[in-house]
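Let's take a walk through this fold, starting with the whole chain and then stopping at a few strands, a helix and some loop residues. Keep the structure open beside you as you read.

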Amino acid sequence: MHISERALVLGPGGAVGTAWMAGLACGLRRDGVDVGEADLIVGTSAGAIVGALLATGQNPGRLAASTRTDAHRVAADPARMREVFAVLGDAGLEPGEARRRVGRLALDGISPEADEALLAGRAALIGADAWPQRRLLITAVDATTGEPVVWDRDSGVPLVSAVAASSAFPGAAPPVAVGGRRYMDGALRSGTNVDLAAGARTLVVIEPMAHLSPREPLAQRAEAVGAEAVVAIGPDPAAVRAFGSDLGDLAAWEPAYRAGLRQAGEAGALLRPAWGTEALP
């Protein structure tokens, strides 16, 4: 097992969650807390986009405007997404079977054009095509078998493909071809996938969708991963208002980014003691 002093876990959250996390990370860096310096970064879906950007040493401020996404929109299928959520909401289904059923929905009607648009869009967002030396884990799920996968720089999967697959939620984006198979959103594995940070002494979890589901108490999270300190950050009420009702709404990108930038002041006060960073004068 790799032992990490500081682990950063970035969760799913659609376009607005991507923008909010980028704004938050930019504001934290401005205030002297660079979460991109984590020994381990775990990225899922939107978190895979921001995680790749941070792990490759880039300034998250490059995502302040939505122009990087506008040229690469992937048409969502609202009816398909309703079917997906109906499957995921069926408490009688074993998780693996639920993922396989969702995978069948995801694999229906794939077009090469949508594939190309998704990969091009993710490449524009992350601004890098090579895995970093910093330890980065990206999650996805095999659309046929329902089996989760976790990729890193030694997996032989191109970084852009890994990020695209991790953020390909069925109905919103097509599953991505990797090595003759197709993979879909890593959030279908286990939400934020905090378990992948097991062994970290300090754990920071940034959750764009925290307001949509109850969190485990921090003490339970710390015990589950063996961390000495855990800090969890979700959108505050002003950020939730900026998000609106559609997490995929690109019109909310810039308001969500600004909300993250503003929230960084409060978040930094929570993070500094755990991250070992002094407040700037």
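**A walk through the fold**

Of the 281 residues in the protein chain, 53% count as buried, where buried means under 20% relative accessible area, exposed means over 50% and partly exposed is in between (1.4 Å probe, protein chains only). Before going further, bear in mind that this is a predicted model: local features need pLDDT of at least 70, side-chain atom pairs count only at pLDDT 80 or more, and totals for chains, interfaces and linings use all residues. Residues are numbered from 1 along each chain as its sequence is written, and side-chain values use heavy atoms, with hydrogens and water left out.

So what is the chain built from? It has 11 helices and 8 strands; these are DSSP runs (H or I of at least four residues for helices, E of at least two for strands), numbered from the N terminus. The radius of gyration is 17 Å, close to the 19 Å that the globule rule gives for 281 residues, so the chain is as compact as a globular protein of that length. That radius is taken over C-alpha atoms, and the rule is 2.2 Å times the number of residues to the power 0.38. Along the principal axes, the C-alpha atoms fill a box of roughly 55 × 40 × 35 Å.

Now for how the chain meets itself. Take contacts (heavy atoms within 4.5 Å) between residues at least 6 apart in sequence: 78% of them join residues at least 24 apart. On the outside, the accessible surface comes to about 11,900 Å², and 52% of that belongs to carbon and sulfur atoms. These areas come from the Shrake-Rupley method with a 1.4 Å probe; for residues, only the protein chains shown count as cover.

Let's turn to the strands. β1 (residues 6-10) and β2 pair in the parallel sense over 4 bridges, pairing being called when DSSP finds at least two bridges between two strands. Within this pair, L8 has I41 of β2 as its bridge partner. Look along β2 (residues 40-43) and you'll see L40 and V42 pointing one way, with I41 and G43 pointing the other way, and all of them buried.

Just after that strand, S45 sits in the loop between β2 and α2 (46-55). Its phi is near 60°, a positive value in a residue other than glycine. S45 counts as buried because its relative accessibility is 6%.

Another parallel pair is β7 and β8, joined by 5 bridges. Here V204 stands opposite V231 in β8. Strand β8 (residues 229-233) is mostly covered, with 4 of its 5 residues buried.

Go back along the chain from β7 (202-206) and you'll find N193 in the loop between α8 (187-190) and that strand. N193 also has a phi near 60°, again a positive value in a residue other than glycine. With a relative accessible area of 0%, N193 is buried.

Finally, visit α7 (159-166) and the loop that runs from α7 to β5 (176-178), where G171 lies. In α7, 8 of 8 residues are buried, including L159, V163 and S166. G171 counts as buried too, at 13% relative accessibility. Leaving aside residues up to four places away in sequence, G171 touches A76, D77, R80 and M81. As for L196, 25 residues from G171 along the chain, the two C-alpha atoms are separated by 26 Å.
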